[in-house]
Amino acid sequence: MNNCVTVVVGCKWGDEGKGKIASLTSKNAKFVIRATGGSNAGHTVIYNGKKVALHLIPGGITYPNKIGIIGPGTVIEPKVLLDELALLKDSGVSDIEDRLKISGRAHVVFPWHKDLDELHEQVKEHPIGTTKRGIGPTYSDKATRKGLRIYDLLLPVDELEKKINEDVFLHNQLFLANNMEECVVDSKKFAMTFAEYGQLLRPYVTDVLPIYMETIKNNDGIVIEGAQAFRLDNDDGEYPDVTASHPVTSGCLLGAGLPAQALKLVIGVDKAYNTRVGNGPFPTELPSSIDENGNLIPNQPKLEGDIIRELGYEYGATTGRPRRCGWMDAVMLRTAKYGCGIDVLCINHLDTLGKIGMELGYVKVCVAYSYMGKIINYYPDNTRLTHTIPEPVYETIEGGWKIDESMRTFDSLPEKAKQFIEIVERISEIPVKFVGTGPANDDIIEKK
Ligand code: GDP
Ligand code: IMO
Ligand code: MG
């Protein structure tokens with residue numbers, strides 16, 4: 001079998017800049033695929049000089065002739081998808097009707113999934129801080145075999161209504177028991193609305209396997225644009241502060257509907273500093289003015305984390321929530337190498353880290369953890385048992401750097417920036433192939 005699949009995977013907690021590098025990589029490919037998650041993802045691409053935040057459609061579709069696929073492992077909120085299609089058309093992306101394919105096997109996110117997401121968060125002693133996009137409840141219905149797939153939206157309305165009825169039977173009881181009468185589902189009404197969505201989506205709905213048969217045979221390039229990230233994986237992340245799908249490399253292949261034997265390359269994406277939105281452990285997190293609900297506390301003196309957030313403009317592309325910020329954790333990258341199978345790295349925001357260093361007078365990289373009296377070089381999985389988060393051991397680079405447009409090769413970058421990349425490579429044991437120096441798709445330097 002030809003190895004024609006490149007997987008672009010997030011190494012930490014999402015928002016590493018996957019949209020940018022996946023789009024750039026898809027320049028040399030024929031297909032670009034979203035494989036996991038749904039509109040919890042927010043991938044920023046720059047199109048015609050304008051920032052576009054995509055939630056479901058892979059960013060590579062903005063390049064002419066590329067074919068975008070939304071794979072069987074995803075969960076799709078039809079209205080979000082239709083709005084996104086309209087946004088891309090309005091932005092001038094052409095022939096999108098002919099270039100976007102949606103797997104009929106992908107599952108549908110309904111409004112009650114978002115209500116359930118909200119309810120589940122309310123009853124938890126420690127909420128996850130989900131995106132409230134209904135992701136967990138939709139995958140949960142999928143696992144209990146009562147979820148609806150995109151194919152179901154193409155059924156006659158009465159058949160669709162029956163399926164909705166079956167899905168919501170227990171959910172409705174839960175809503176009633178929790179005084180959420182306004183959330184109780186009227187199956188008939190939703191069957192009508194979603195059948196209409198089905199008709200609007202019909203031209204895009206397809207069986208992806210025949211497409212893959214031809215593509216793999218012809219050795220045409222395929223790029224999977226990973227969503228979420230290694231540390232948000234339902235198994236590999238720190239449960240329960242994770243998402244409901246499997247954003248790791250193997251999950252991406254499964255979610256795209258592609259065989260592991262077709263894999264060619266895994267590009268791990270990270271930022272030169274780290275961020276997390278939502279709750280859960282973050283060893284290198286720096287103090288900042290965010291309260292326990294994830295909201296900014298106004299009128300506070302600026303702390304280290306606030307300075308990083310402001311310089312990197314770290315606010316969620318999906319929810320607008322302020323992101324928690326901290327230093328580069330290269331030990332977590334090493335963990336990702338072995339947990340997720342990463343061949344090469346793309347480190348974005350090298351420009352921003354230089355500015356952070358100029359402002360603070362130093363930058364740091366976590367090169368080991370101190371955990372339970374030992375120095376270790378991987379992230380342990382029993383932290384919930386020990387109630388202990390590994391403490392970072394840092395290497396420090398004094399000062400910062402400035403990256404300007406004249407620097408188009410890795411060698412031309414400031415010495416301290418190169419020193420930073422050398423530390424990342426040494427600790428993570430992964431070669432850095434790309435460094436990001438700005439938000440545009442082409443603001444990337446290839447390290448030969
Ligand atoms: P994704 O979810 O992994 O695709 O990442 P997001 O789009 O949520 O967040 C990445 C943010 O960083 C976006 O605002 C990008 O425009 C921006 N970005 C990506 N790479 C770089 C870079 O190298 N430098 C700068 N300054 N911004 C970048
Ligand atoms: P991209 O693809 C950052 C986080 C949420 C929360 C946890 C569970 O843009 O990198 P969910 O709504 O999935 O049930 O929330 O996962 N999360 C993300 N954080 N970027 C994302 O996607 C995320 N998708 C989910 O903040 O902590
Ligand atoms: Mg994002």
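**Ligand and metal sites in the predicted model**

In this predicted model, a polar backbone atom of Lys18 sits 2.8 Å from an oxygen atom of ligand 1. The protein leaves little of this ligand uncovered: of the 590 Å² of accessible area that ligand 1 has on its own, 93% is covered. Two further polar contacts help to place the molecule. The side chain of Thr44 brings an N or O atom to 2.5 Å from an oxygen atom of ligand 1, and a polar backbone atom of Thr437 is found 3.4 Å from an oxygen atom of the ligand. Among the elements of secondary structure, α1, β3 and α12 (350-360) each give two or more residues to the shell around ligand 1. The largest share comes from α1, which gives three residues.

The shell around ligand 1 holds 20 residues, of which Gly17, Lys18, Thr44, His349 and Asp351 come nearest. Sorted by class, this shell has eleven polar, seven charged and two nonpolar residues. Where does ligand 1 lie with respect to domain 1 and domain 3? Both domain 1 (5-103 + 205-268) and domain 3 (272-446) give residues to its shell, so ligand 1 lies between the two.

Ligand 2 also has 20 residues around it, and the nearest are Asp15, Lys18, His43, Thr131 and Thr243. Lys18 is thus named among the nearest residues for ligand 1 and again for ligand 2. Three side chains make polar contacts worth following in the viewer. Asn40 places a polar side-chain atom 2.9 Å from an oxygen atom of ligand 2. From the side chain of His43, an N or O atom is 2.7 Å from an oxygen atom of the ligand, and for the side chain of Arg321 the corresponding distance to an oxygen atom of ligand 2 is 2.9 Å. Of the 550 Å² that ligand 2 exposes when taken alone, the protein buries 98%. By class, its shell is made up of ten polar, seven nonpolar and three charged residues.

The magnesium ion, ligand 3, is next. Which protein atoms act as donors to this ion? They are an OD atom of Asp15 and the O atom of Gly42, at distances of 2.0 to 2.2 Å. The two donors are 27 residues apart and link distant parts of the chain, with Asp15 in the loop between β1 (5-10) and α1 (18-25) and Gly42 in the loop between β2 (31-34) and β3 (43-47). Their accessibility falls into separate classes: Asp15 is partly exposed, at 22% relative accessibility, whereas Gly42 is buried, at 10%. The cut-off explains this split, because a residue counts as buried under 20% relative accessible area. Asp15 also returns here from the ligand 2 site, where it is listed among the nearest residues.

The loop between β1 and α1 that holds Asp15 also contains Glu16 and Cys11. A polar contact joins these last two, with the side chain of Glu16 reaching the backbone nitrogen of Cys11 at 3.4 Å. Both partners are buried: Glu16 has a relative accessible area of 2%, and Cys11 is at 0%. For a sense of scale, the C-alpha atom of Cys11 is separated by 18 Å from that of Lys264, which is 253 residues away along the chain.

Some backbone geometry also deserves a friendly pointer. Most residues other than glycine have a negative phi, and most peptide bonds are trans. Against this background, the peptide bond from Tyr239 to Pro240 is cis, with omega near 10°. Pro240 belongs to the loop between β10 (222-225) and α9 (249-256).

Positive phi values turn up at two residues that are not glycines. One is Tyr313, with phi near 45°, in the loop between α10 (304-312) and β13 (324-329). Is Tyr313 buried or exposed? With a relative accessible area of 59%, Tyr313 is exposed. The other is His349, where phi is about 65°. His349 is part of the loop between β14 (344-348) and α12 and counts as partly exposed, at 23% relative accessibility. His349 also brings the account back to ligand 1, as one of the residues that come nearest to that molecule.

Key: Residues are numbered from 1 along each chain as its sequence is written. Chains are lettered from A and ligands numbered from 1 in the order in which they are written. This is a predicted model: local features need pLDDT of at least 70, side-chain atom pairs count only at pLDDT 80 or more; totals for chains, interfaces and linings use all residues. Side-chain values use heavy atoms; hydrogens and water are left out. Donors are N, O and S atoms within 2.8 Å of the metal (3.2 Å for Na, K and Ca); water is not among the atoms, so sites may look incomplete. Helices (H or I, at least four residues) and strands (E, at least two) are DSSP runs, numbered from the N terminus. Buried means under 20% relative accessible area, exposed over 50%, partly exposed in between (1.4 Å probe, protein chains only). A residue is near a molecule or strand if one of its heavy atoms lies within 4 Å of it. A polar contact is a pair of N or O atoms within 3.5 Å; within protein, one must be able to donate a hydrogen and the other to accept it, and residues adjacent in sequence count only if both atoms are side-chain atoms. Accessible areas come from the Shrake-Rupley method with a 1.4 Å probe; for residues, only the protein chains shown count as cover. Ala, Val, Leu, Ile, Met, Phe, Trp, Tyr, Cys and Pro count as nonpolar, Asp, Glu, Lys and Arg as charged, and the others, Gly among them, as polar. Domain bounds come from an automatic or database domain assignment.
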